[in-house]
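Subject: Structure for you to look through

Dear colleague,

Please find below the structure I promised to pass on to you, together with its sequence. After it come my notes on what was found, written so that you can follow them with the model open beside you.

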Amino acid sequence: MAGFKTHISTSTMVGVVYGYWGVATQGMSIESGLLAGGLCSVAGMLPDLDSDTGVPLRETTLFLSAVIPILMVERFRDMGLSHEAMALAAMLIYVLIRFVVVEFFRRYTVHRGMWHSIPAALSAALAAYLIMPCPSEAIRVYKSLAVLAGFLTHLILDEIWSLDFSGGGMRVKKSFGTALKFFGNNWWANISAWGKLLLLCYIAWGDHGILDRLRQRVRLERERYSIPESAWPTDPSSFYPLPDRPEESQPAASLQPSDSWQAQPSASKRIADPGDRPALPHEQWR
């Protein structure tokens with residue numbers, strides 16, 4: 001059986017190739033390619049969650065409990081959670097993975113059981129699909145397939161290590177066929193594995209409708225507590241009032257007498273320029 005270092009190094013190399021393929025040929029961003037490569041690398045450790053003790057179980061659960069809340073930030077936003085609620089949800093997810101999920105795998109799984117199988121790989125990919133909602137469906141599927149690729153890399157390595165080529169020939173070990181399988185020897189484990197896969201398929205199929213309803217509810221709540229656009233002032237000066245300016249003096253309008261009345265001069269003008277003075281020669285007014 002391949003060791004922990006062999007699994008993590010091989011899944012990392014597959015993740016590098018997968019990330020480069022997405023960026024170079026599928027039009028993915030560099031950030032999406034790097035994240036997909038990292039997911040493929042970590043997914044190479046997921047099948048060893050059924051080991052009761054050891055480095056794989058400890059390292060995998062520690063990494064997942066820290067990374068999964070970060071990957072669920074977009075899901076938290078769709079749910080309309082505040083920053084405090086997001087932090088609380090992240091702590092609850094950490095406790096759930098570190099103590100509940102780990103204890104579940106220790107009690108109800110056996111090494112090389114149905115968790116080492118094709119249905120388990122598909123379930124892991126669907127779980128990643130539900131954890132990481134994305135506005136682009138192509139990017140979401142691309143990241144989910146990275147988890148599937150890393151999981152299958154682990155299973156393929158287990159099958160390769162089930163063949164013994166020492167001594168100049170090939171010998172098939174008893175563990176051959178216990179990784180890449182669709183059914184195991186325990187019928188209850190088969191029902192549980194396939195039941196979880198069908199449940200995840202059903203949830204993933206209706207996830208778009210769930211996301212649309214969550215986003216609509218968040219949008220309606222924000223509109224309820226916001227100022228309607230009809231009440232917004234249209235005059236920019238109402239936001240930033242301008243200082244008072246002195247009114248500019250306007251020129252007096254010329255007086256146009258009408259036919260029915262004649263404009264009369266003022267008293268001061270009549271005194272300064274009497275109209276009934278006698279006509280005298282120009283020399284006498286000097």
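**A buried pair and its network**

Asp207 and Arg140 are both buried. In this predicted model, the two residues form a salt bridge, with their closest N and O atoms 2.5 Å apart. This pair ties together distant parts of the chain, since Asp207 belongs to helix 9 (residues 207-224) and Arg140 to helix 7, with their positions 67 residues apart in the numbering. Arg75 enters the picture as well, for salt bridges that share partners join Arg75, Arg140 and Asp207 into one network.

**Salt bridges within a helix**

The search of the whole structure finds 4 salt bridges, and two further pairs are worth locating on your screen. Arg77 forms a salt bridge with Glu74, where the closest N and O atoms are 3.9 Å apart, and both residues lie in helix 4 (residues 73-78), 3 residues apart, about one turn of the helix. Arg77 is exposed because its relative accessibility is 51%, and the cut-off for exposed is over 50%, whereas Glu74, at 26%, counts as partly exposed. In helix 5 (residues 83-108), Glu103 and Arg107 are 4 residues apart, again about one turn, and their side chains meet in a salt bridge of 2.9 Å, N to O. Here Glu103 is partly exposed at 32% relative accessibility, while Arg107 is exposed at 60%. An α-helix has 3.6 residues a turn, so residues three or four places apart point the same way.

**The overall build**

The protein has 10 helices and 2 strands, and from the N terminus its elements follow the order α-α-α-α-α-α-α-β-β-α-α-α. Of its 286 residues, 33% are buried, and among contacts between residues at least 6 apart in sequence, 72% join residues at least 24 apart. The protein exposes about 19600 Å², of which carbon and sulfur atoms supply 65%.

**Helix 1**

The 22 residues of helix 1 (residues 4-25) should span 32 Å at 1.5 Å a residue, and the end C-alpha atoms are 31 Å apart, which agrees. Buried residues in helix 1 include His7, Tyr18 and Gly22, and what covers the buried residues of this helix includes helix 2 (30-43) and helix 7 (137-160). Just after helix 1, Gly27 takes a positive phi of about 75 degrees.

**Cysteines**

The count of disulfides comes to 0. Cys134 is buried at 19% relative accessible area, and Cys201 is partly exposed at 36% relative accessibility.

With best wishes

Definitions and conventions:
Residues numbered from 1 in each chain as written. Predicted model: local features only at pLDDT ≥ 70, side-chain atom pairs only at ≥ 80, totals over all residues. Heavy atoms only, no water. Disulfide = S-S within 2.5 Å. Buried < 20%, exposed > 50% of the residue type's maximum accessible area, 1.4 Å probe, protein only. Contact = heavy atoms within 4.5 Å. Areas by Shrake-Rupley, 256 points an atom, 1.4 Å probe, with all protein chains shown as cover. Expected span 1.5 Å × (residues − 1).
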